[in-house]
Structure formats: structure tokens, C-alpha cells
Number of protein chains: 2
Amino acid sequence: MKNIIETANREGLSRIDNSQPFLVDIRFANEVLPGLHDFVIGHAGPPMDWEQMCGPMRGAILGAIKYEGWAAHDIEAEELAKSGKITFVSNHDLGAVGPMTGIITRSMPLFEVFNETFSNYSYCTINEGLGKVLRFGANDDEVVNRLKWIEVTLAPVLKNVLEMSGPVNLKVIMIQALAMGDEMHQRNIAASLLFARAIMKHLAKVDLLPEDRSRIVAFIMGNEQFFLNLGMAAAKAVMDSAHGIENSTMVTAMSRNGTSFGIRVSGLGDGWFEAPPDLPQGLYFPGFSEEDANLDMGDSAILECMGVGGFAMSSAPAVVRFVGAGTVIDAERYTREMFEISIGKSEKYFIPTLDFEGIPMGIDIRKVVETGILPVINTGIAHKQAGVGQVGAGVVRAPMECFIKALVCFGEKAR
Amino acid sequence: MKNIIETANREGLSRIDNSQPFLVDIRFANEVLPGLHDFVIGHAGPPMDWEQMCGPMRGAILGAIKYEGWAAHDIEAEELAKSGKITFVSNHDLGAVGPMTGIITRSMPLFEVFNETFSNYSYCTINEGLGKVLRFGANDDEVVNRLKWIEVTLAPVLKNVLEMSGPVNLKVIMIQALAMGDEMHQRNIAASLLFARAIMKHLAKVDLLPEDRSRIVAFIMGNEQFFLNLGMAAAKAVMDSAHGIENSTMVTAMSRNGTSFGIRVSGLGDGWFEAPPDLPQGLYFPGFSEEDANLDMGDSAILECMGVGGFAMSSAPAVVRFVGAGTVIDAERYTREMFEISIGKSEKYFIPTLDFEGIPMGIDIRKVVETGILPVINTGIAHKQAGVGQVGAGVVRAPMECFIKALVCFGEKAR
């Protein structure tokens, strides 16, 4: 049995490493996500109901309801959300991912990523910028108006640009960004600028009003986390290609809805193995502290599943301070630790500061349980109340209980 | 005397570290460089005559003569160059710098950099891109036409953009780029994109034909060495502010004209201490080898004087392979070695991979002679024949003889 598992896991690792995610188009959610009609809302993490939702998740849902015009104001939106008339769906079940609250509704434009090696698609929203944004649970007019601008002005332009540029190779950008101090979860400055480089000369050809053009350029190039959502969509397309391998103990998704942390395992179907999430340990923006923090949240831990984010901490000495994770030596320690719970090392994605060693790739639930080493995730921190937004960034560990539950299920299945 | 020298050198170090270079304008060479009229040509390195010039230097001069319209073709241009009617001037004596051949003539647009702390200006040409370009001695129609396009189309647009953006803080860009794997001499990908980020939203507002806009964006964002010339102008403004400190043994310029390597020392006036340059050791582009290489060339070693380039090798693990300088451990070794010949460490420019240690800053001629450790310079390699262009990139050491000559002069002056 051990050999069978090893073979299955090697296959999974090979699929991750050989996947080739390309950004191919901008599509509206209702065009491409099955069942995302009126009164349906996709969210980060495992499935849950309104009653179970944390503050920022509820805040973002009210914002999305106003954005879609299903209610005119917060009170009406909350009544609707509570009424049972809204269907809540896990993004992963739609083939999509979203950072933090991860809310997706029908009118939102999405990045469409195509994994050329395995011919599968994935989707993610367009990053809204930093601070008071829907993904962190903010929902006032500024937030809703920005979402409308993204839909009405930005999305058609980006679609037009992608027609001119052709598919944008996200793998190449991620490999380059690792050599430029990004870890692709809490630090995406290089990846964002490399993406901008890929599209800006085409954007220059689009006929636009000067103020629209300037706002679009500033929106993309002024946001050091613009690439986060592209990296997530890429990771989703990559990890989905490695899902469903019989006898594989590889984690193909980690995701949190702010109430529950869930993992999926390649050989164990589409169910989630869940446990309560931890509070991230990190640095808070001025005026905020751990008391304001919501529990760990978002689909973004898909990045760690493919070996970037916290797993590639060593490639990003500058992120170590941002997430309050200590010194450069600590960063290397995180990456070295993650090698112990990974199936192998990438032969495509390198960490130059570790003398071009491959990133640790593919979490093995057996190794997590055996070693007691928990996957490390770099994450943003949302205020626990609806409507506030981001209050910091930090590091969090996946809860052991998820891995034990998955391993028990795997053992029962094997018997 | 030793204390007096230490005090003078500390002052020099402080001036380098506290300098604040800003890109403020685009100016034409004949507007701002004294005496750069018709039939005057600025070049890299110490002064020399046509007879002494190497192949690529002569090639670039023929290109510049054609570009200025002083001759119609290569034969006529060479006759003019040999005739004695052309005055050749060292860029440094004009307050300017240029990479490789460093040719500057009256019609060329220059970056104008202002050192806000010490109110001094410096100038450098706009980077032409890679491969077959004037700075590497290429001079055909493609080269000349590109120079014309830079003058006629690009320069006025950049000038307009800088009016809108205001001064661009080059120090902040350089500090950020060190955290993104650049060393600012042979690797400028992050600095170039960070500079693009600073100007692109303003460029978006300029009224331009779509094809011109697209070419300008591609020209700036498609050139990973675009920032090289900005970094050099910044370093020139920085180092000039530390020149002329009585009793200082600090090197304020290292520069090579392809025939001779020269250094200037803060306390020893504007004269050059010269010696024959070495051949860079490095990696060659396919089809070329060491036999094709010209001797070390260019004003760009001004970067190493302020502690970037080869001195900051450790910040750029990816450059180590590009210049054929070994592994990441070797990169750290280069930086550690440079600490031994430097006056101190920067408190402003950090190397994240060395746990945010400051870069080695300010070469002390005494330490070079005492330790026998020669300053390391990352450099491009030009073909030794006129008209070919770049053939590789590598590492070179400054020749000991320059430092011995300077130290002898210093000793004689002190007596």
C-alpha cells in the first residue's frame, strides 16, 4: 500500500509542477460559474449558512447584495440574507477561488485561467486594492462603487487587452517573482509589476479617455497585491489538475470561511475535512490589535498547497517583517520545515536565496500527522466586525484536526 | 593624520548615504552640459584621443557623428573623427555619465538628476535597450534611427510626464529594488518596473497616437536595464556630493574608456589615476567568446562607488548566474569582501538576504592597497570590433595600479 500511495503522490507532484496556468480571458461570473444566478453567492472556504458566518463574511455579503441591486441598503440586504432566499455556495464547488471573504456574485468579472497541460479552467475575482474592500468585509458606497467600476470600465478593457496580448503565462511570472522577493501570498509587488509589463503595451493601444486610462493604469500598477488573485486562480487551476488521484494523500485545497478551516485531499473526493481555524499571529495596522482580528479566512491558502506563500517564505526576506515572522533566518526555517511535510521539491519553481533549491511542493497529510508540523500560511487579517476591512497581516497554521480526520478517512477507505 | 583622514572619510560616507537623488527633468545635452556644441563628443572614462580609442568606442563615435548629421556615412565619419576637428571630452568633466562607450552629443536627451540634500545635478543618456546599441559600439541605421526616435518622440513625452509626476525619488526605488533581487548594475528588472510604476499613470494622460504610446510603453517596460542609466545618474549625483573633501581617501569615481581604467579620489582633485583595464570574466552570448571581448569599459562603475553593483552582489542571487560569478554563496562572499575595503556600511540601503545589513559603501584607497582586495564590478561586455554590440556580461576587478598611484599622490600631498 505504501508504494501505491507514493506512486499516486509522485503523480500528483508531477501534475502540479508540470501544470502551465495561463490567463486567457475576463469572463463574467454568471457566464462561466454553473448556477451562479440571481440570489446565489459564492464565498471562500467550506460551505456554511448565514447563521454560521463571521462578521466580515456577513459584511461582504451585504455589500455584494447592494452591488447586485438585490437590496437598496444594509438593513434590507441583511433581511434578504437572513430570509433563506439567498443560496450560499462554496467557491471551490464552482471551480473558483476568492481571497478573504472571497465573495462572488453573478455580475462580477473574473480572471479566467486555463491550465494548458491538463486543459482545465479556474476563476478568481479581480483584486480590488488594499484597505477598505469587500474581501475584508467592508461594504460602504466607496466599496460598491469600486466594484461597479471594475465591472463596467475595467473588465471590458482588460478583456480587450487580453485579446491583443494573447494568453499571459502566469507560471513564468511566478517563477520570476520568486527571484524578486515575492512569496506570492502577502508579497506580490514583483509579480504585479511583471503582469503589468505583460499587458501595458497592449493597454496603450486601447482607445480610452485619458482619465479612464490613467485610473486603470494606477489601479493595476498602484496595487502591490494586484497579482494575488491571479496567483490564486493559477494555483486553483494547478491544484485541480492534481485532484482525484486514487490513493493520493496529497492536499489539493486548504480553505477557510472565517468560521471553519477545511482541506481537500486528492484521493478522498470533494468533501472537506474541517476544524476551527486559528487566529493569525502578525502585525497590526496602527490603531488595531489582536482583539480586532477575525479568525483565519479565505481561499488564498490554495497558494500554499502548490508551495508558494508561507512555504516559499525564504524567497521573500521583506515579507518576513511585514507578517511579523521574525528575521531572514526564521524565513529559511519556515521553508525548511515545510520540506518535511511536502511530497517533494519543485523542479520548476526555485528559491534563488536557497541557491536555487526548488520550493516544497504538495502537502502530504501523512507527513503532517507523523511530524506534527502544520502547514504555514501567510495571510491578511480582517477586522472581526462587518464593514471595517483589513487590520493587519500575519502567519497562521492549518489546524491538525483537519489532517487527522482526513487520514482516518483515508485509512478507512483503504481497508 | 589618521584621525583627520577618518573624519574626512566619515563625512564622505555620510554624504553618500544622506544624498537624495531625484529624477527631475529631461534636458538636451547642449542645454545643460557646458561646451557640448557641434563637433564635441563626450565619452566614458578618463580623457583620451582618437588614436587611443578601442574598436567599440570608435564605432560608437561614428554612429554619433552620423546621428548628429556631421557626416553622411561611416567613411566620411571616420575621416572627420581622425581629422582633429572633433573635440573629445570625458563625460565626468561635463558632470555626466554614460554606460559602456558612454557617448554623448549635443542633440541627445538626458535624464537630469538633482541631489536634493546637496543641491547638485548630474546627467545621463536614456538607455537604448539591449543588444545592438550605440553604447556597445553598434552604429548602423537601426541604431541611429532609434537614437532619433528617442530624441524626437520619447524625450518630449518623458519631459511632459515628469512635469505631471513631479520629481521621481530614485533613492526609494533603489532601496526597494535591492529587496527585489537587483544589484542595479547588471540586474535592474525591479528598479525598471518600479520606475515604470512611478510614471505610467501620468504617461496614460498624454495625448498620443496609439502606436507611439504602445512603442513608448514597450520601450520602457520591455527593457530590464532601462533603470541602469537612471541609477548611474543617481550615483553620479551622489558621488559628486562627496568629492572634494580634503584629506579623504574615498574613491568618488571609477571609470573606464575601454583603453584605460581611472579612479578619482575625494581629497585629490579632478585628476584620474589610471592603469590598463582587465578583461571581464563572464558569460558570453551564443556564438561569442572571450576572444571577441573588449577590455572593461564605461562610466557605470560609478555604481560600485556608492556600494551597489558588484558590491551588492548578495542582494541579487539571480545576477550571479547571469554574470557567471558562481553560486549564491559566492555572491555573499563578494559583498563580504567589499566590506573590507569600504569606509562603512550604509544605514539607508539594505540587503534583505543578509538580514537587512547595510551595503558596503565608499571605497577607501588605503584599504584596497593594504588588503590587496580589488573592487569588484559587474559589467556588460562589448565586442572589441566596432559595430557589433554586446556579447556578454561578467565581473571585473579594478586594477591595483590606480589605487597605488592615488595613495602615493595622497602621501606626497600630506607631506
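Two strands are said to pair if DSSP finds at least two bridges between them. In the predicted model shown here, strand β9 of chain B, residues 261-265, meets this condition with β10(B): the two run in the antiparallel sense and are joined over 3 bridges. Within this pairing, B:G262 stands opposite B:E274, a residue of β10(B).

The pair belongs to a wider arrangement. An open sheet of 4 strands in chain B follows the order β10-β9-β8-β12, and its pairing is antiparallel. The edges are taken by β10 (273-275) and β12 (297-298) of chain B; each has a single partner strand, so one side of each is left without a neighbour in the sheet.

Chain B also contains an open sheet of 5 strands, arranged as β4-β6-β5-β1-β7, in which the pairing is mixed. Its edge strands are β4 (96-97) and β7 (168-169) of chain B, each of which pairs on one side only. At one of these edges, β7(B) and strand β1 of chain B, residues 21-28, pair in the antiparallel sense over 2 bridges. There B:F22 has B:N169, in β7(B), as its bridge partner.

Two loop residues of chain B deserve attention for their backbone angles. Most residues other than glycine have a negative phi. B:N247 is not a glycine, yet it has a positive phi of about 75°. This residue lies in the loop of chain B between α10 (228-241) and β8 (251-257). B:N247 counts as partly exposed because it has 19 C-beta neighbours inside 10 Å, whereas a buried residue would need 20 or more. B:D355, again not a glycine, has a positive phi of about 55°. The loop that holds B:D355 runs between β13 (342-351) and β14 (357-363) of chain B. With 14 C-beta neighbours inside 10 Å, B:D355 is therefore also classed as partly exposed.

Attention now turns to the helices of chain A. Two packed helices are described by the angle between their axes and the distance between the axes. Helix α3 of chain A (residues 55-68) packs against helix α6 of chain A (residues 141-165) at an angle of about 55°, with the axes 10 Å apart. The two helices, α3(A) and α6(A), are therefore oblique to each other, and α3(A) passes α6(A) in a right-handed crossing. On the α3(A) side the contact involves A:G63, A:K66 and A:Y67, which meet A:V143, A:V144, A:L147 and A:K148 of α6(A). The residues of this contact divide into 4 nonpolar, 1 polar and 2 charged.

Helix α3(A) has a further packing contact, with helix α4 of chain A (residues 74-82): their axes come within 9 Å and cross at roughly 105°. This angle makes α3(A) roughly perpendicular to α4(A). Here A:I61, A:L62, A:I65 and A:K66 of α3(A) meet A:D74, A:A77, A:E78, A:L80 and A:A81 of α4(A). The contact comprises 6 nonpolar and 3 charged residues, with no polar ones. A:K66 thus takes part in the contact with α6(A) and in the contact with α4(A).

Finally, the two chains meet each other. In this interface, 24 residues of chain A are in contact with 24 residues of chain B. On the side of chain A that touches chain B, α8 (189-203), α9 (210-221), α12 (317-322) and α13 (328-340) of chain A each supply at least two residues. The helix α9(A) gives the most to that side, with 6 residues. By residue class, the side of chain A that touches chain B divides into 15 nonpolar, 4 polar and 5 charged residues.

Definitions and conventions. Residues numbered from 1 in each chain as written. Chains lettered and ligands numbered in written order. Predicted model: local features only at pLDDT ≥ 70, side-chain atom pairs only at ≥ 80, totals over all residues. Buried ≥ 20, exposed ≤ 12 C-beta atoms within 10 Å, placed from the backbone. Axes fitted to C-alpha atoms, helices over the stretch in contact; angles between N-to-C directions. Parallel < 35°, antiparallel > 145°, perpendicular 65-115°, else oblique. Left-handed = near helix turned anticlockwise from the far one by under 90°. Contact = placed C-beta atoms within 7 Å. Nonpolar A, V, L, I, M, F, W, Y, C, P; charged D, E, K, R; others polar.
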